[in-house]
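How does one justify the words used to describe a protein model? The exchange below takes up several such descriptions and asks what supports each.

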Amino acid sequence: MIISNYFQDNEDLKLVFNDLIDWDEIVHAYEQGFHDADAYKKNGNERLAYAPTNVEEAKEYYQSVLQSLGEIMGEFVAPRSKEMDRIGLKYENGKVSFPKAQEECYTTLRDAGLMPISISRKYGGMGLPATVQSFMCEISARADAAFCLAYGNINIVEIMERYASDEMCEKWIPEIASGKYSAAMALTEPNYGSDLPNVQTRATQDADGTWRINGAKRFITHACGYIDAPSVILTLARTGSPESGARGLSFFLVKGTDVHIAGVEHKMGLHCSPTCEVVFENSPGELIGKTGYGLVKYSMGMMNAARLTIATQSLGIATAAYFEGKKYASERIQFGKPIERIPAVKKMLDRMEREILATRVLIAETGKAIDLYHWPKEHRIKVEGKSEKEVGQDETIRRWEKLADLFTPMSKYYASEGCVSIASDALQIHGGSGYTEDYDVARIYRDSRITTIYEGTTQLQVVAAIGGVVSGMSPTGHLRQYAEGELSKFSASEDLKKVWSDLETAVGLYKSIQEGNVKDTLAFEVVETAARFVCGMLLERSLKVLSGEDLEKRRAVAAAYNVDSLATASANLFKLERAAKQAVPA
């Protein structure tokens, strides 16, 4: 792996951080009148000591965090990634052990205080908006995708802050934030993967009020805990009747010491990330929130954050693949010159770069959408005591929430599919050497393959996104209003305007198809066209802040990207037009 500071050596990442993000709106949305800083002045709570008092302080703090993380990930974790992958995990008698190098990486990150990124300050977390969390996840995944999961697993307890009682939060979250516990999310069962409404793990209540969990869960990351940090497992279990569906599911906190780890999966990649099979046998659980809300509100309420996390992990893996491929191509001499000067190889590297740049601006915009609805909404409910119905009437919050609900599945699909493609090209550039384990690109390729599968496959992301694209493109739809508003801020290229026109046509054709199965098979084409339009628009929008060589380079990238998008949109239109014609009776 390339050894360097993974924040400092990434010019595009720094460009997005320094120039493309409006920190004023992000910070104000997150800090809500700098509520934590005011509270620190009043009560001296040391957990709030680092709360910023203005936007500039917040930005400086974010940058220092990214610098520190970039150094540890690029100079400490990345050099150990090959060893961690080679040694992998060991399972024996219900216990999982980790490579010594991985223990060192975990302890280093924990001791640096860089782990509780999505936990709020009042519980001992770092207090960071989603936009900053995304940068951190990308940097971590570039160093090692498997260790990235270990590094960030405690942050799933963010859901407790939203729905658990104050007493439960104060009991558990500070302990988790400090690293005393690790965390896991147990949703999937052996016979029910994405079909969560039908999970069968049962929760019953004793006469003394204690909840007991019985059943089995599969594919549960880090349910086994981590070195000296046993897990707490947030578990979806049925409190209603077997036929109660989604409405009969509730959410529980179960100690990892109260379950049996029946085994770990032997996976193609992510070798040092334990994917566990968990057996619950009268395991005591603490109810989170209310019964019956486990899936329809609590788990679904996490989807935006979960999708964004995997999107940013995908971007980090793709970035690692690109940098490794670029380095190899600059050093490998064939026919008397570096292979990066061979047109076919240069074409691959250029495509990889522009896809990464496009994905990065899409993810940044997705993080912004989450930040601009989530934190104001939570503040109004948790601090101001307003009802969800009252908050739902705020037009700004509603608009950004709708956009987040669209952008998160779009980002997860686009980033993960791009990740696999870019990792494949990086391996191809390495030639036969890339197919051996001598180079890191083999591990990167293996690790990339999971990204289109977990936290919802690409196909499920398309199902989640298609409704937002179609309704969003109506005359008053949120996607149309957003796009037209952004296009009015700069002079769009003719190619970008054509992609926009093709998207309008694609949605119209899609809506005209009446046969359900035909329509379902073409949802991908519509979502793909929409994703490429949004990425192209964001690339062109970014040109406003640049000058000189940076401007010329990015303008060329944006132009080439939109040419690719035109070709893709045209192919998608051809399929939609053919289907629409066949659907019309003779």
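The following questions and answers concern a predicted model.

Q: Why is Ser 250 called buried?
A: A residue counts as buried under 20% relative accessible area. Ser 250 has a relative accessible area of 0%, so it is buried. Its place is in strand β7. The C-alpha atoms of Ser 250 and Ile 288 are separated by 7.8 Å, although these residues are 38 apart along the chain.

Q: What makes strand β6 largely enclosed by the rest of the structure?
A: Strand β6 spans residues 231–238, and eight of its eight residues are buried, so the rest of the structure largely encloses it.

Q: How do you know which faces of β6 are covered?
A: In a regular strand, side chains alternate between the two faces of the sheet. On one side of β6 stand Ser 231, Ile 233, Thr 235 and Ala 237, and on the other Val 232, Leu 234, Leu 236 and Arg 238. All of these are buried, and both faces are thus covered.

Q: Why is β3 said to pair with β6, and in which sense?
A: Two strands pair if at least two bridges are found between them. Strand β3, residues 182–186, and β6 share five bridges, so by this criterion they pair. The sense is parallel. Ser 182 has Ser 231 of β6 as its bridge partner, and Ala 184 stands opposite Ile 233 in β6.

Q: What makes β7 a partner of β6, and is the sense parallel or antiparallel?
A: The cut-off is again at least two bridges. Between β6 and strand β7, residues 249–255, there are seven, so the two strands pair. Their sense is antiparallel. The bridge partner of Arg 238 in β7 is Leu 249.

Q: How do you know that β3 is largely enclosed?
A: Five of the five residues of β3 are buried, so the strand is largely enclosed by the rest of the structure. Ser 182, Ala 184 and Ala 186 lie on one side, with Ala 183 and Met 185 on the other. Since all of them are buried, both faces of β3 are covered.

Q: What makes one side of helix α3 its buried side?
A: Helix α3 covers residues 35–43, and its residues Asp 36, Ala 37 and Ala 39 are buried. They cover an arc of only 160 degrees around the axis, which puts them on the same side of α3. The face turned away from that side carries Lys 41 and Lys 42, which are exposed. After α3 comes Gly 44, whose phi is positive, near 65 degrees.

Q: How many cavities of 30 Å³ or more does the whole structure hold?
A: A search of the whole structure finds two. The largest has a volume of about 70 Å³, and the second largest about 50 Å³.

Q: Which helix gives the most to the lining of the largest cavity?
A: Helix α7 gives the most, with four residues. Helices α7 (130–143), α12 (303–331) and α13 (343–382) each supply at least two residues of this lining. Among the lining residues are Phe 135, Glu 138, Leu 315 and Arg 360. By class, the lining divides into six nonpolar, three polar and two charged residues.

Q: What makes up the lining of the second largest cavity, by class?
A: This lining has seven nonpolar, no polar and four charged residues. Helices α7, α12 and α16 (440–448) each supply at least two of its residues. The lining residues include Met 1, Arg 142, Asp 144, Arg 443 and Asp 447.

Q: Where does UniProt place the annotation "domain: Acyl-CoA dehydrogenase/oxidase N-terminal"?
A: According to the unreviewed UniProt entry, it covers residues 65–180. In the model, this span is 62% helix and 5% strand, and its end C-alpha atoms lie 22 Å apart.

Q: Which residues does UniProt list for "domain: Acyl-CoA dehydrogenase/oxidase C-terminal"?
A: The unreviewed entry lists residues 297–371 and 407–461. Residues 297–371 are 84% helix and 5% strand, with end C-alpha atoms 19 Å apart. Residues 407–461 are 67% helix and 0% strand, and their end C-alpha atoms lie 10 Å apart.

Methods
Residues are numbered from 1 along each chain as its sequence is written. This is a predicted model: local features need pLDDT of at least 70, side-chain atom pairs count only at pLDDT 80 or more; totals for chains, interfaces and linings use all residues. Side-chain values use heavy atoms; hydrogens and water are left out. Buried means under 20% relative accessible area, exposed over 50%, partly exposed in between (1.4 Å probe, protein chains only). UniProt positions are given in the numbering used here, feature names are shortened, and annotations may be inferred rather than shown by experiment. The arc is that of the directions from the helix axis to the C-beta atoms. On a 1 Å grid over the protein atoms alone, a cavity is a set of points where a 1.4 Å probe fits but cannot get out, and a pocket is an open set with protein on both sides within 12 Å along at least five of seven lines; lining residues have an atom within 4 Å of a point. Grid points are joined across faces, edges and corners, and a volume is the space filled by probe spheres set on the points. Ala, Val, Leu, Ile, Met, Phe, Trp, Tyr, Cys and Pro count as nonpolar, Asp, Glu, Lys and Arg as charged, and the others, Gly among them, as polar.
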